Amino acid sequence: MNVGFVGVGRMGANMARRLKDRGFHVIAVYDTNRAVATSLAQELSCAACQDLSEVTAESDVIITVVSDDNAMREIFSATGDNLLVNARGRLFINCATISPQVHVEVERLAEKAGAQTVEACMASSITQAREGSLYLMCGGSEDAFRKAKPILKELGSIVRFIGKAGEAAKVKALVNMVMNINTAGLAEGLGLGAALGLDLGLLREVFSQTGANSRVLETDGEDMQNREHSCFFSAAHAAKDSGIALELARSAGLDLPLSRATKEQYDRMIAEGLGELDKSGIAELTFKDRHKHSGDHI
């Protein structure tokens with residue numbers, strides 16, 4: 001089985017390394033950043049393709065990890081070069097966090113080209129991608145999922161089939177919505193604690209043993225305190241994903257004030273040039289004296 005990758009940034013590259021380690025034939029990689037693709041191709045001894053259609057021609061299974069809805073539409077439906085050129089019989093595993101409707105659109109386009117798609121939404125980060133311990137929420141046809149499962153099991157420690165195309169993306173949007181709200185809430189709690197002169201190490205310990213505990217406290221609390229915002233999940237992606245959830249809420253006739261306020265905070269980070277910090281960098285907006293607008297909401 002020949003496996004190709006489209007999008008080999010932090011997540012895609014480590015997924016490719018994982019499959020290579022597990023004995024899969026990673027044959028081709030593609031990225032809009034040509035230098036990134038070339039570097040990984042040299043590491044994995046595979047081709048760095050210049051065209052999307054070349055990835056399809058070389059591969060039986062193509063794993064895509066792109067940034068947003070526009071990028072997803074571009075790789076599958078751009079005029080001229082795209083992944084569905086001569087794609088009959090191919091299987092696409094699409095791992096990006098994008099709008100559910102775009103997964104549905106891509107599945108329909110692939111079916112017309114004689115190909116199949118599976119959405120494999122990831123609720124984990126870079127370390128888990130490298131270790132093969134991702135939490136994967138999958139959607140699409142059961143037949144396509146069955147074909148993809150041997151690969152998915154090497155990438156994820158938990159692989160859940162959610163339902164038809166778009167359903168897994170809905171679940172992923174809600175996962176990230178709640179995670180982002182928790183992150184913003186933790187930043188405000190620690191920021192207020194600092195403003196009150198509290199010992200933040202002690203405060204985090206108390207949080208961990210009470211109703212203030214969360215997964216985000218474990219992953220981001222110390223980083224917020226120490227201003228360590230090396231990027232595992234960027235503020236820009238947090239803003240995008242909160243936007244997906246808000247659009248789903250709008251279509252369902254719901255108002256989500258916490259999600260809306262959280263997105264505004266991440267949009268503010270982007271506007272102030274902090275969008276490529278890790279999501280923990282939202283603490284830079286809530287701790288006094290950290291940033292030009294710090295403390296505005298305390």
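These are my notebook entries on the sheet, the cavity, the cysteines and the salt bridges of this structure. I am working from a predicted model.

**Entry 1: the sheet**

I began with the strands. Eight of them form an open sheet, and the pairing is mixed. I read the order as β3-β2-β1-β4-β5-β6-β7-β8. Which strands stand at the edges? They are β3 (47–48) and β8 (156–163). Each has a single partner strand, so one side of each is left without a neighbour in the sheet.

I then looked at one pair inside that order. Strand β4 (residues 61–64) runs parallel to strand β5 (residues 91–94), and four bridges link them. I picked out threonine 64, whose bridge partner in β5 is asparagine 94.

**Entry 2: the cavity**

Asparagine 94 came up again when I searched for enclosed space, as Asn94 is among the residues that line the largest cavity. The search of the whole structure gave one cavity of 30 Å³ or more. The space in the largest cavity is about 40 Å³.

Which elements give two or more residues to its lining? I found α5 (100–112), β6 (116–122) and β7 (134–140). The lining includes His103, Val106 and Glu107. Thr117, Val118 and Glu119 also line the cavity, as do Gly139, Gly140 and Ala165. By character, I noted three nonpolar, five polar and two charged residues in this lining.

**Entry 3: the cysteines**

Next I checked for disulfides. The count is zero. The cut-off is 2.5 Å between cysteine sulfur atoms.

How far from cysteine 49 is the nearest cysteine sulfur? It belongs to cysteine 46 and is 7.9 Å away. Cysteine 49 is buried, at 1% relative accessibility. Cysteine 138 is likewise in no disulfide. For cysteine 138 the nearest cysteine sulfur is that of cysteine 121, at 7.7 Å. Cysteine 138 is also buried, at 0% relative accessibility.

**Entry 4: the salt bridges**

How many salt bridges does the whole structure hold? The search returned 17. I followed up several.

I took arginine 73 and glutamate 105 first. Their side chains form a salt bridge at 3.0 Å, N to O. Arginine 73 sits in helix α4 (residues 69–77) and glutamate 105 in helix α5, so the bridge ties together parts that are 32 residues apart in sequence. Arginine 73 is partly exposed at 33% relative accessible area. Glutamate 105 is partly exposed too, at 26%.

I went on to arginine 227 and glutamate 284. Their closest N and O atoms are 2.6 Å apart in a salt bridge. Arginine 227 lies in the loop between α10 (215–226) and α11 (235–252), while glutamate 284 lies in the segment after α12 (257–271). The pair therefore ties together parts that are 57 residues apart in sequence. Are the two partners buried or exposed? Arginine 227 counts as partly exposed, with 44% relative accessibility. Glutamate 284 counts as buried, with 6%.

Arginine 268 and glutamate 272 were my next pair. Their salt bridge is 3.5 Å, N to O. Arginine 268 is buried at 15% relative accessibility. Glutamate 272 is buried as well, at 18%.

Last, I looked for salt bridges with shared partners. I found that they join Arg18, Arg22 and Glu154 into one network.

Note on methods. Residues numbered from 1 in each chain as written. Predicted model: local features only at pLDDT ≥ 70, side-chain atom pairs only at ≥ 80, totals over all residues. Heavy atoms only, no water. 1 Å grid on protein atoms, 1.4 Å probe; cavity = no way out; pocket = protein on both sides within 12 Å on 5 of 7 lines; lining within 4 Å. Points joined across faces, edges and corners; volume = space filled by probe spheres on them. Nonpolar A, V, L, I, M, F, W, Y, C, P; charged D, E, K, R; others polar. Buried < 20%, exposed > 50% of the residue type's maximum accessible area, 1.4 Å probe, protein only. Pairing = 2+ DSSP bridges. Salt bridge = Lys/Arg side-chain N within 4 Å of Asp/Glu carboxyl O.
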